[in-house]
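The following note sets out some points for a colleague reading the structure at the bench. It begins with the nonpolar core and then turns to helix packing and confidence.

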Amino acid sequence: MAKNNPDSPKTISIIVYFFLLFALWFVLSGYLKSLLLFFGLISVVFVLWMSIRSKSLNYDVLPLKLLIKLPIYWIWLIKEIIKSGLTTTKIIWKGNYSPELIKVKASQKNNTGKANYANAITLTPGTVTIEIDKNTFLVHALSKELSEDLQSGEMDKIITGLHK
Amino acid sequence: MEYLIHYSTIFFLFLGCFFILSGSVGLIKLPDVFSRIHAAGLIDTLGTGFIILSLIIHSGFSLLSLKLLLIPLFILFTSPISGHAISLFAHESGYKPKAKLKRK
C-alpha cells in the first residue's frame with residue numbers, strides 16, 4: 001500500500017495517470033475504430049477505479065512535472081550505464097576484480113526519490129544496492145573506480161533535483 | 001541509405017551479443033553471489049538495450065518501434081528490483097561477501 005502525503009493534489013495526478021494509461025493502451029493495440037477505442041476507455045477507467053479503491057495509487061509523484069525532466073534524466077542515465085558497463089566488461093575479461101562494500105548517503109526527501117536512487121545504483125552495472133536503512137544505502141561495487149564514481153555524489157544530486 | 005540501415009543493424013546486434021557473452025562469462029568467472037549480480041546486470045541493461053536498438057533501426061520508425069521501446073522501459077523498472085531482491089536475501093541469510101566494508 002502506498003503512503004501518501006496528505007497535501008499532494010489527487011485529482012490532477014489521477015487525470016495524468018488516465019492519459020498515461022490510455023496512451024499505453026493505444027500504443028500496445030494500435031486500433032483506431034471508435035468501438036474498440038471505447039472498449040479501451042472502459043478498461044482504463046476500470047483499472048483506475050480498482051487501483052483507487054485498493055489505495056495502491058502513488059500520489060507522491062506528479063507525473064506531469066516529471067514528463068519534462070524525465071527524458072533528460074534518462075539520456076544521462078543511459079550515458080552512465082554505458083560508461084560503467086564498459087568498465088565492468090573490462091573487469092570481467094581481465095579478471096582483476098577487487099570488490100568493495102561502501103555506504104552511500106541519500107539526500108532525497110520522499111520514498112519515491114529514495115527508491116529511484118537505489119534503482120539507478122543497481123541499474124548501472126558494477127554497483128548493487130544491498131540494503132537500505134533510513135538514509136544510507138549499503139552498496140556492493142565491483143572495483144575501486146566504480147565505488148569512487150558513486151561516492152562523488154553526482155548521481156545523488158541529479159536524482160534529488162529530479163524529485164523536487 | 002539502405003546499406004547504412006543494414007550495416008548499423010548488424011553492428012548493434014553484434015555489440016549486444018558481445019555484452020551478453022561477456023555477462024555470461026562473468027556469471028561463470030566471478031567468485032561470489034554479489035559479484036555475479038553485476039554480470040547479470042550487464043546482460044539486462046547493455047545486452048538487451050543494444051539488441052532492441054538494432055531491432056528498432058531494422059523495423060523502421062513506426063508504431064512497432066514504439067512498442068519495442070516499451071520493452072527496455074519495463075526492464076528499466078523490473079531488473080534492478082530482482083537484483084536487489086537476490087542481494088538482500090543473500091545478505092539477510094548471512095552470506096558474507098568477499099569484499100570488506102570501507103568506512104569513510
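1. In this predicted model, the largest nonpolar core holds 34 residues, and A:I121 and A:V139 touch the most other members. The largest share of this core, nine residues, is contributed by α2(B).

2. The surroundings of A:I121 deserve inspection. Neighbours within four places in sequence left aside, A:I121 is in contact with A:T127, A:T129, A:F137, A:V139 and A:L150. A:V139 thus appears both as a contact of A:I121 and beside A:I121 as a residue touching the most other core members.

3. In chain B, helix α2 (residues 33-59) and helix α3 (residues 63-92) have axes that come within 10 Å and cross at roughly 180°. The two helices are therefore roughly antiparallel.

4. The contact between these helices can be followed residue by residue. On the α2(B) side the participants include B:V33, B:F34, B:I37, B:I52, B:L55 and B:I56; on the α3(B) side they include B:L64, B:L68, B:I71, B:P72, B:I75 and B:I86. The residues of this contact divide into 14 nonpolar, eight polar and one charged. B:G41, B:D44 and B:T48 of α2(B) also take part, as do B:S79 and B:G83 of α3(B).

5. On confidence, the model scores ipTM 0.83 and pTM 0.81. Chain B averages a pLDDT of 86, with 96% of the residues scoring at least 70. Within chain B, confidence is highest in helix α1 (residues 2-29), at 91, and lowest in α3(B), at a mean of 87. Where pLDDT is low, predicted coordinates should not be read in detail.

Key: Residues are numbered from 1 along each chain as its sequence is written. Chains are lettered from A and ligands numbered from 1 in the order in which they are written. This is a predicted model: local features need pLDDT of at least 70, side-chain atom pairs count only at pLDDT 80 or more; totals for chains, interfaces and linings use all residues. Axes are lines fitted to C-alpha atoms, for helices over the stretch in contact, and angles run from 0 to 180 degrees between N-to-C directions. Helices (H or I, at least four residues) and strands (E, at least two) are DSSP runs, numbered from the N terminus. Angles under 35 degrees count as roughly parallel, over 145 as roughly antiparallel, 65 to 115 as roughly perpendicular and the rest as oblique. Two residues are in contact if their C-beta atoms, placed from the backbone, lie within 7 Å. Ala, Val, Leu, Ile, Met, Phe, Trp, Tyr, Cys and Pro count as nonpolar, Asp, Glu, Lys and Arg as charged, and the others, Gly among them, as polar. A nonpolar core is a set of buried Ala, Val, Leu, Ile, Met, Phe, Trp, Tyr and Cys residues joined through C-beta atoms within 7 Å. A residue is buried if 20 or more other C-beta atoms lie within 10 Å of its own, exposed if 12 or fewer, and partly exposed in between; C-beta atoms are placed from the backbone. pLDDT is the predictor's confidence in each residue, from 0 to 100.
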